[in-house]
Each structure stands twice: as structure tokens, then as C-alpha cells.
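Reader: I should be grateful for a close reading of one part of this structure, followed outward into its surroundings.

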Amino acid sequence: MTRVWTCFVAALAIGCGSSSESAEQPAPAPQAATTAIPEPAPPQALGGIQALPEARFERREALLGRALFHDPRLSGDGSVACVTCHQLEHGGAEPRRTSIGIGGQVGPINSPPVLNAALNFVQFWDGRAPDLETQCAGPITNPLEMGSSWDRVLSVLQNDPTYAAEFAAVFGGERPISQENVQSAIAEYERMLITPGRFDRFVRGDAGALTEDERRGYALFVSVGCTACHTGANLGGTMYQRMGLVRDYFQDVGRPLTDADMGCYNVTHDEADRHRFKVPTLRNVALTAPYLHDGSQATLPEVVRVMGRYQLGRELSDEQVRLIVAFLGSLSGEVPRDAFPPSPTATPSAPPPPTSETPPAERPSSEAPAQ
């Protein structure tokens, strides 16, 4: 994995993660909340935040990828599709603490959103996939997720006349249905999933696109230091950062640690990478509860407080939390119409959540965490 290390001393990161080849700087001491609330932010980009770029993708290949993304036949028992854990109406994530795969198996980690994932510098929480093509191959053969094999997947597709015709039209050649082309099509579909919204209109100059509370929350988000990590067009996805930068999160979680808690360490086996994760996007974050890699925080106010405490060393006031949450709500965008299958019957039903919460310590782990 390419090592991209940038050390920041402050970060509001919902599951966030940075790494650096230089020594990590000392964390700032915790600070009490201040009551000062900044003036509403002007209609422009602040703190390195940018408007979303236009989605760039090849349409016919993306529509083929859409069919694959929603097809449960790619799983080992025909019950799970990519969309099962990356639900478009849920911000491209899932409404469960951790993913559920074939046979009702409970995975070790919360599924990150697929919306705007094309803008991430690496994929998965631990960054083990350098691009979308590599990422989409992982869940298909992971025994806790889709539990299939490439031989099975290719056989299913080759025996479907519609797929055979579409792969031939898109890729040509003597053997258009291949693992490489399946990965390419799914990745191209994911490049379609850019979700501009009100916030993008605001930073481009439309002052009326956000409410006053959202504008104040935006200014506060910048002033307290959140943009040290949550920056760029995706408000994240550009670096790694330690979960618990200022205060030891994993000492306080009150449960045994799992492989999924190790973050990038699972990839590099470098002790400096223990508990480091890719900083997640905050786009559509109001839709993607529960939060953090372990799905332990149920609501946005809860996770804003947690990240203020563990990443910024700040005990945020109720008013600060309220305004930041208001701003985060403005980051919800519009999913492209073509992202959805043409018929509702083409979308498999997601498996229901467990009837009772499985304690994290009792969940199965895997050598390579699922997301």
C-alpha cells in the first residue's frame, strides 16, 4: 500500500484516521468548550473544503456495473449483493452497527459509504485497496460477506444472455466476461455516485442555499479544527489519522478490542499504524448512522461529542454540537437518478438487523476485516 502520511494535531473525524513518516506531533491538551459562536460563514469554500466535481464515467459501462452492484447472484448463496451493505437511500452505507453477510454472518466492521467513494485516496477503513477496482473485488470472495468465488461469478454471468450481450457490447474481445471487466464495470458505476447538493451551491456563491444555523455550524466546524482532516471536496478521504489522537479512545471503549480496531496496522504491521484509519467522508453523513468503524455511536450529536473529545481535545457545548450537526445535515446531496435500477424488483432486500445487538466482543473477526 502506498504510504501517504500527513500529521495533524487536530481533527474531528467520524471514524477518522492520518499517518506520517515523521514522528507524530504531541497532541494538544484537552480544552473546555467555549461559548463563542462565530458569525455565519460567507458563501464560499473555507478550510480547504471544495464543491464536488462533476462525475466522470462511461455511461454504458456504469449501467452494466449498476446491474452487477444490485445482483445477489454474485454472492455464494444468492442472498447478498453489493447494495445490501451500501444502500443508496442510506447514504451508500447501512443502518446496522456492522455488516451482515451470507447466512446471517455478522461482520467485524461498519460499512463505509460508497457514495462519493471515487474521491477517496484509498478504499476501506484501513486503506488496503488503492482504487475502486481493487475494493469491489474484496467483498465478493470474503467468506463473511458475499462468500463467493470468481469461478462461480463468471459462470453465473456467462449463462445469462443479457449479461453476455452487455459485456460483449461494452468490452468486446473474445472473452468479455472476466474478473477484470466485472471489477471495471462496478467501479465505473461507483464513479457515477457523486452527490452534489445545497452545500455545493453555497460554496459556489448561493448565499440562500444554507440556513443561518447551517452557516454558523460551517464556520464553527472550521474554527474548532475539524478541517485539519475533513477537507477537500469529500470533506475526508484524503489522509489517515489515528482514532484517539488526543485521548485514548480504545482504552475507554469498555470492550475487548478486535482486529477491526487495529486499522492500518492490519495492512502494514507497523506499530505506528495501530488504530489509524482512513478519514471518512462527511458527505451524506446525516444519512449513514450508526457511526465510527465499530458502529458504536447511534446519532450525529453523540459522535460529534466523541470526536470533539478524542480528536480535538474539546468538550463541545450543547449549542456548538447543535450547530455543527445542522451544518453536517447540509452535506446531504442528490443521488443520480440513473444510480437506481429501472425496476424496484431488481433491488434485493437487505437482510434484517439482528433482533438484539451482538456485543462487539462476541462478533466474529476475520484476518482481513470486511470494510
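Leaving aside neighbours within four places in sequence, which residues is Leu-328 in contact with? Please set the answer in the context of the packing around that residue.

Author: The model is a predicted one. Leu-328 is in contact with Phe-221, Leu-282, Val-285, Leu-300 and Val-304, once its neighbours within four places in sequence are left aside.

Leu-328 also has a place in the largest nonpolar core, which holds 42 residues. Phe-199, Tyr-218, Phe-221, Leu-235, Phe-327 and Leu-328 are the members that touch the most other members of that core. Two or more residues of the core are given by each of helix 7 (198–203), helix 8, helix 9 (249–252), helix 11 (300–312) and helix 12. Helix 11 provides the largest share, 7 residues. In soluble globular proteins, nonpolar side chains tend to be buried together.

A second core lies apart from this one; it has 31 residues, and among them are Val-83, Ile-102, Leu-115 and Trp-150.

The packing of two helices brings Leu-328 and Phe-221 into one contact. Helix 8 (residues 212–223) and helix 12 (residues 318–329) pack with their axes 7 Å apart, at an angle of about 105 degrees. Helix 8 is therefore roughly perpendicular to helix 12. From helix 8 the contact draws on Asp-213, Glu-214, Arg-216, Gly-217, Tyr-218, Leu-220 and Phe-221, and from helix 12 on Gln-320, Arg-322, Leu-323, Ile-324, Ala-326, Phe-327 and Leu-328. Sorted by class, the residues of this contact are 8 nonpolar, 2 polar and 4 charged.

Trp-150, named above in the second core, leads to another pair of helices. Helix 4 (residues 150–158) packs on helix 6 (residues 179–192) at an angle of about 75 degrees, and their axes are 10 Å apart. These two helices are therefore roughly perpendicular to each other. In this contact Trp-150, Leu-154 and Leu-157 of helix 4 meet Gln-179, Val-182 and Gln-183 of helix 6. The contact has 4 nonpolar and 2 polar residues, and no charged ones.

Just before helix 6 in the chain, the loop between helix 5 and helix 6 contains Ser-178. The side chain of Ser-178 reaches the backbone nitrogen of Asn-181 at 3.2 Å. The C-alpha atom of Ser-178 is separated by 9.4 Å from that of Leu-157, although their positions lie 21 residues apart along the chain in the sense of sequence separation.

Helix 4 and helix 6 also bear on helix 1. The buried residues of helix 1 (residues 59–69) are Glu-61, Ala-62, Leu-64, Gly-65, Arg-66, Leu-68 and Phe-69. Their cover includes helix 2 (82–85), helix 4, helix 5 (161–171) and helix 6. At the start of helix 1, a side-chain oxygen of Glu-58 comes to within 3.2 Å of the backbone nitrogen of Arg-60.

The loop between helix 1 and helix 2 holds Ser-75. Ser-75 is buried, its relative accessible area being 0%. The side chain of Ser-75 reaches the backbone oxygen of Pro-72 at 2.7 Å, and a polar atom of that side chain lies 3.1 Å from the backbone nitrogen of Ser-79. Not counting residues up to four places away in sequence, Ser-75 touches Val-80, Ile-102, Met-146, Ser-148 and Arg-152. Of these, Ile-102 is also named in the core of 31 residues.

Technical notes: Residues are numbered from 1 along each chain as its sequence is written. This is a predicted model: local features need pLDDT of at least 70, side-chain atom pairs count only at pLDDT 80 or more; totals for chains, interfaces and linings use all residues. Side-chain values use heavy atoms; hydrogens and water are left out. Axes are lines fitted to C-alpha atoms, for helices over the stretch in contact, and angles run from 0 to 180 degrees between N-to-C directions. Helices (H or I, at least four residues) and strands (E, at least two) are DSSP runs, numbered from the N terminus. Angles under 35 degrees count as roughly parallel, over 145 as roughly antiparallel, 65 to 115 as roughly perpendicular and the rest as oblique. Contact means heavy atoms within 4.5 Å. Ala, Val, Leu, Ile, Met, Phe, Trp, Tyr, Cys and Pro count as nonpolar, Asp, Glu, Lys and Arg as charged, and the others, Gly among them, as polar. A nonpolar core is a set of buried Ala, Val, Leu, Ile, Met, Phe, Trp, Tyr and Cys residues joined through side-chain atoms within 4.5 Å. Buried means under 20% relative accessible area, exposed over 50%, partly exposed in between (1.4 Å probe, protein chains only). A polar contact is a pair of N or O atoms within 3.5 Å; within protein, one must be able to donate a hydrogen and the other to accept it, and residues adjacent in sequence count only if both atoms are side-chain atoms.
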